[in-house]
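Subject: Structure for you to look at

Hello,

Here is the structure I promised to pass on. Please open it first, then read my notes below.

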Amino acid sequence: MFELNEKNYAKAARQAVAEGCVLLKNEGGVLPLVKGTKTAVFGIGAFYYYKGGLGSGGLVNTKYVVSILDALRKSEDISVDECICEEYEKWIKENPFDEGNGWGSVPWSQKEMPLSEEFICEAEKRNDVAIVIIGRTAGEDQDNRADEGSYYLTQTERELIKNVTETFEKSVVLLNVGNIIDMKWVDEYKPSAVMYVWQGGQEGGNGVLDVLDGTVSPSGKLTDTIAYNIEDYPSASYFGDADKNYYVEDIYVGYKYFQTVAADKVMYPFGFGMSYTDFEISGSVKNVDENSVVVDTAVKNTGDCEGKEVVQVYIEAPQGKLGKPVRTFAGYAKTKELAANESENISISCPKSYFASYDDAGITGHKSAFVLEAGEYKVYVGNSVAKAQCIGSFSQEFQVIEQLEEALAPIEEFERMHPVSENIEEQTVENSNENIEIQSAEKNQKNSCEYSMGFEKVPLRTISLSDRIESEMPEEILFTGDEGYSLKDVANGKIDIDTFIGQLSDEDLMCLMRGEGMCSMKVTPGTAAAFGGLTPSLERFGIPALCCADGPSGIRMDCGTKAFLLPIGTLLGATFNDELIGELFEYFGAEMKYNRIDTILGPGMNIHRHPLNGRNYEYISEDTILTGKICAAELKGLHRAGVEGTIKHFCANNQEFRRADAMGVISERALREIYLKCFEIAIKETGCSSVMTTYGPFNGLWTSGNYDLCTTVLRKEWGFDGIVMTDWWAVANWEGEKQDRKNRAAMVQAQNDIFMVCPDTENENAIDNIKAQYTIGNITRGQLQRNARNVLKFALRSLAMQIKLGKIDLAEYAPEWDTSFRPDGELEIIIAKGSHIEVSAELAEKVLYDDGIYFNIADTMAGDYSAVINITSQHNEYTQIPISVFIDNDYRGTITFQGTNGKEDENEISIGKLGEGEYYVRVAYRPHGITMNKIVIKKND
Ligand code: BGC
């Protein structure tokens, strides 16, 4: 039963963690641990649980976090050898947690404590099972590396696992990681059990315990292929390039590549994950019509404990002229909890659009269309891509699924992979386009696959983008000036939206395009941005100030307000459980509502193109259908609660290194079938009305200024009816020109409606180029009005508007939830001694932890005050450094610095009125990587 309260929220999160655990090995049934098991817990990871990843998505201030060790210690059925823990705790005193420099300069792992063979032998005598916890973090602005301590185990970790597995008969390795890591050590050291437990948010340890003790039988499945070698991933040759990233693997991402040409290089396949029980899966093709294939499946629990199973459907389309992967994931369902011997019949409907191919060359005679080529389509059903069995087939005539128009095609020649039948050395495909010639097939020796990879030239752009933009210029609405209508009049049906827009001045329209933040005081304190009615003029028209917050795994409020931390995206994907995720996100939505957040900056839905991408943890999977479906489930939950999600990063945000600069070079086919498809599914399934573009560029254009991305595909083709916002402080370019942060006119033209973020919406005319470009006619009033319409329609549907209209009474809403400001927790409080004149850093250090030092304000000095804060940081300009100011215990505001690249920077924040009296000032921030040079408390007049 869905009942809104924090207890149920935690319960759903705990269940998600348990269902997201992916068990890869369980020799001798070592798991679940039987009642009374004595465990020896090893690994520094036991003491530093990674609850989530780093960067903007990792800054939720949690009330509590339950680590795996905490949960084990509390268990009544399993005991933990505290002698071992004591040894670690002693070592940690000498070797404290290395925080690095914060943001993108944090170590991927912590130094492991070396343990002697004798110590482990002694431990073995006292315990039944060894549990080794390996931890890895990852995050924004920093990719993982194919190095020890990141993708690979360190020597000390290897020795630990080696000694433990040689000494203990029963050993379990738990991977508390955000991304998949190298797994070859499993074959080398042969632990009895291995399980990915991911980063589980604040309930992480509890969920893992449920699997360890058998309360829940694992049912999580890998959302990525784990290959033996990192070099074997097909994107490996260009991933991480500082300047250009050629997507040579094209649509052959993850299992689509491996199953087609390199099945023997896979250690653990996509969709794989074990259970404590066994299942028999069967199926048949029930029905095929114009739009979908319906597969009937039956799952029987043939083992002896209860459990859930994930049934997966894959399609093998004929190679045809376009070439296809031999498996395309087309649908899934999770069973209910099945008792031993119990069966469940599940019908899975797979839309044909999920496995249609996009013809970017015109080779089928239908250029720019999603098509199904004629032939036999085989249907596979099972519990991993490798194990799925052919359960039937259907014969398909050539069918155009959707005729579109060319958009986003590359402008630079390159070659992409294309499967070639193994018994043909060199092939030329008959086609109407001379560009397409299969050049050579790299012979795939000792491989069981039918195909090898050849290469073909990628079709280039043939349309003129400027002509398209010119021919689609929006009409201008007649300017009427203020006629006294407010947005409420649109909500109540008194006037239409265009009549309302007719009232807005040029200045109003430009201000609607500018989000404010971070941590604008016009919305919930500490959040990422305010947008909408931010100026007195827009407010007069009754437009509410709208609030967005990071995202995606909880509400980030930089002033220290506590919020619930959910498990990471990859873990949620691994559950393959839409219903559970929907329920969890309904709680999340309720919490957003309580905190007056209109849209969360998530779900993150980029494709796991390569295992080292730092932000894979926030995203779901290497598969676009799974990504789209899981994110749709999340969005549906949020929508039920009456709030929105901002799906990000649109699109192809696949590496963190030089993320704002490295140019992606991608075929239109790969974009449409892989990188856009997931967004399309989420939008079409849920009506999601908010999208965030990326920092980076592909095919010559930065995404925030890309008309075909933000208009042609998103709105014209998919019917998206919402807002598009930039990533924070993103840049844009005009075609053929360099990128520039001031170039917001390019964003206006593209219909990227909101630039995020400015310090003060009203004072940007001198900073960005909107007014200047408008004045010379490079952007029009019609375009500004069109974008304003998007923002206003969003505002009309928003939580803020419902509150304004009196339709929601927040006082009655989840009143027991405690969201009071608590600027403690994870924020380190620097207490700065103050006079009302100046506080220097040296003084601040001296008085650290001394909260009894006050400054006085004489009655003649009463008035409006500001804090001027001066810092230096070594980070780049995309790094967020929020600093909150408290006067006594009173929160006065947060100011967010961008990284200063080693230079000094100064910002002023209003701290409001101070009357005669005694005060002290506190400044709260995560202290890593910055030097606080000076804080000046200054009178404003
Ligand atoms: C991230 C976004 C995030 C935004 C606001 C950026 O650094 O890329 O994902 O939502 O900051 O914090």
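Start at strand S28, which covers residues 647-650 and includes His649. Keep in mind that this is a predicted model.

**Strand S28 and its cis bonds**

The peptide bond running from Lys648 into His649 is cis. Its omega is near -5°. A second cis bond joins Phe650 to Cys651, with omega near -15°. Cys651 sits in the loop that links S28 to strand S29 (663-665).

**The ligand**

His649 also takes us to the ligand. A polar atom in the side chain of His649 is 2.7 Å from a ligand oxygen. Arg615 has a contact of this kind too: a side-chain N or O atom of Arg615 lies 2.7 Å from an oxygen of the ligand. For Asp727, the distance from a polar side-chain atom to a ligand oxygen is 2.6 Å.

How much of the ligand does the protein bury? Taken alone, the ligand exposes 310 Å², and the protein buries 100% of that.

Now look at the whole shell. It has 15 residues around the ligand. The closest are Glu140, Asp550, Arg615, Asp727 and Gln880. Sorted by class, the shell holds seven charged, five nonpolar and three polar residues.

**Two packed helices**

Next, find helix H16 (residues 624-641) and helix H18 (residues 677-686). They pack at an angle of about 35°. Their axes are 8 Å apart. Is the crossing left-handed or right-handed? The crossing of H16 and H18 is right-handed.

Which residues make the contact? From H16, they include Thr624, Ile625, Gly628, Ala632, Leu635 and His639. From H18, they include Lys677, Cys678, Ile681, Ala682 and Glu685. By class, this contact between H16 and H18 has six nonpolar, five polar and four charged residues.

**One unusual backbone angle**

Last, go to the loop between helix H15 (578-594) and strand S26 (599-601), where you will find Arg596. Arg596 is not a glycine, yet its phi is positive, at about 55°.

**Where to begin**

Begin with His649: it follows a cis bond from Lys648, and its side chain has a polar atom 2.7 Å from a ligand oxygen.

Best wishes

Definitions and conventions
Residues numbered from 1 in each chain as written. Predicted model: local features only at pLDDT ≥ 70, side-chain atom pairs only at ≥ 80, totals over all residues. Heavy atoms only, no water. Near = heavy atom within 4 Å. Polar contact = N/O pair within 3.5 Å; in protein donor to acceptor, adjacent residues only side chain to side chain. Areas by Shrake-Rupley, 256 points an atom, 1.4 Å probe, with all protein chains shown as cover. Nonpolar A, V, L, I, M, F, W, Y, C, P; charged D, E, K, R; others polar. Axes fitted to C-alpha atoms, helices over the stretch in contact; angles between N-to-C directions. Helix = DSSP H or I, 4+ residues; strand = E, 2+ residues; numbered from the N terminus. Left-handed = near helix turned anticlockwise from the far one by under 90°. Contact = heavy atoms within 4.5 Å.
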